[in-house]
Amino acid sequence: MAAVSRGGGIQRVLQKLNKSIEEGNYYEAHQMIRTLYFRYTSQKKYQDAIELLHNGTLLFFKYKQMGSGTDLAMLMLDCLKAGKDTIDSECLQKIISIFKAFDPEADTDRQEFIQKALRITADKDPSQKFGSTDLHHMCARIYWQEKNYGESRYHFLYTQDGFQCASMLVEFATTKGFKSEQDLFVTQTVLQYLCLQNSSTASIVFFKFTNKHPDFSGPPFQQPLLNFVWLLLMAIERQGPLSMFTVLCEKYQPSIERDPTYKQYLDRIAQLFFGLPPPQPTGLQGIMGDLVQSLFNDTPQAELEGEDVD
């Protein structure tokens, strides 16, 4: 059981809780924790509630009572949201210890838990709009250890750790991918990093991946798709014009068409790095937009400014 740093009252509660669970009185133990949770939160003793829920979650998970443990884990996140101004490293360690204790086979509950935690960290620190970078990084490493490469890649995308991401991708590609699709693994990840405006990490991932992968050497590469990504990264670094991007895409169009999602990524990259204007709304969306604009244009300015809107 995780260490408890609070006073003797919490320690005695946890000892009683441990005894109840060891004796198989799971329902009684669960209800006792929920009762104390409501008592502590009504008194705004959020830290006591957090300690109780954290330790209770780990105890239930230890005895394979995943439903009760998940319920308490979610309540702990509610306490963090209500009782903490910032999610510090101690809070993150509590979150990640629960995340690790989840049964990897019960991934729906696990993902619901970690996504809720990430939303809370984003709310507490708006500068990290996708959630805590540290929490993403810890999740990426855990998923990697579990060989859940898809989830690991997702969380690495919201970090700056291109070195570890590249190592994971090499393992992912060489153990799970077809021989003819090895270049797709790094291409997708690099394009996704670029869509998140993280060109520096995208470059690290690309060059570390191609350096560590046993089938690749370069640049230049034997694989046209890798040459496209290499030249794209160079064009972004040198702040090349839109015409350069257009020529590059035209030259490597057959390679780009290997994955239909690349066009969507590249449209976004062109807007972010090469000054391509965003597409204008079309069809019904465009008609409605024009109608709304015409209504505003036909309204006298005095009317628009004459009344406050509650």
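Thr261 counts as partly exposed in this predicted model, because its relative accessibility is 31%, where partly exposed covers the range between buried (under 20% relative accessible area) and exposed (over 50%), computed with a 1.4 Å probe on protein chains only. The place of this residue is in helix α15, residues 261–273, and helices here are DSSP runs (H or I, at least four residues; strands are E, at least two), numbered from the N terminus. The side chain of Thr261 makes a polar contact of 2.7 Å with the side chain of Asp259; such a contact is a pair of N or O atoms within 3.5 Å in which, within protein, one atom must be able to donate a hydrogen and the other to accept it, while residues adjacent in sequence count only if both atoms are side-chain atoms. Between the C-alpha atoms of Thr261 and Leu191, which are 70 residues apart along the chain, the separation is 10.0 Å.

Residues are numbered from 1 along each chain as its sequence is written, and side-chain values use heavy atoms, with hydrogens and water left out. Because the model is predicted, local features need pLDDT of at least 70 and side-chain atom pairs count only at pLDDT 80 or more, whereas totals for chains, interfaces and linings use all residues.

For the protein chain as a whole, the secondary structure comes to 17 helices and 0 strands, and 45% of the 310 residues count as buried. Among contacts (heavy atoms within 4.5 Å) between residues at least 6 apart in sequence, 60% join residues at least 24 apart.

Leu191 also serves as a reference point for Val229, a residue of helix α12: the C-alpha atoms of Val229 and Leu191 are separated by 8.4 Å, with their positions 38 residues apart along the chain. Val229 is buried, since its relative accessible area is 0%. When its neighbours within four places in sequence are left aside, Val229 is in contact with Thr187, Val190 and Phe206.

Helix α5 spans residues 89–101, and the distance between its end C-alpha atoms is 18 Å, which agrees with the 18 Å that its 13 residues should span at 1.5 Å a residue, the expected span being 1.5 Å times one less than the number of residues. At the N-terminal end of α5, Asp88 acts as a cap, with a side-chain oxygen 3.3 Å from the backbone nitrogen of Glu90. Cys91, Leu92, Lys94, Ile95, Ile96, Ile98 and Phe99 are buried in this helix. An α-helix has 3.6 residues a turn, so residues three or four places apart point the same way. The cover over the buried residues of α5 includes α3, α4 (66–83), α6 (107–124) and α7 (133–145).

Two of these covering helices, α3 and α4, also meet each other, and their axes come within 8 Å and cross at roughly 160°, where axes are lines fitted to C-alpha atoms, for helices over the stretch in contact, and angles run from 0 to 180 degrees between N-to-C directions. The two helices α3 and α4 are therefore roughly antiparallel, a description given to angles over 145 degrees, while those under 35 count as roughly parallel, 65 to 115 as roughly perpendicular and the rest as oblique. The crossing of α3 and α4 is left-handed, which applies if the near helix is turned anticlockwise from the far one by less than a right angle, a clockwise turn being right-handed. Among the residues that meet are Tyr46, Leu53 and Phe60 in α3 and Met66, Leu72 and Cys79 in α4.

By contrast in handedness, α9 passes α10 in a right-handed crossing, and the axes of α9 (residues 162–176) and α10 come within 8 Å at an angle of roughly 145°. Here Cys165, Leu169, Phe172, Ala173 and Thr174 in α9 meet Gln182, Phe185, Thr189 and Tyr193 in α10.

The loops hold several backbone features. In the loop between α2 (26–42) and α3 (46–62), Lys44 has a phi near 60°, a positive value in a residue other than glycine, and Lys44 counts as exposed at 62% relative accessibility. Gln197, in the loop between α10 (182–195) and α11, likewise is not a glycine and has a positive phi of about 60°; its relative accessible area of 54% makes Gln197 exposed. In the loop between α11 (199–212) and α12 (224–237) lies Pro219, where the peptide bond from Gly218 to Pro219 is cis, with omega near 5°. Pro220 has its place in the loop between α11 and α12, and the peptide bond from Pro219 to Pro220 is cis, with omega near -5°.
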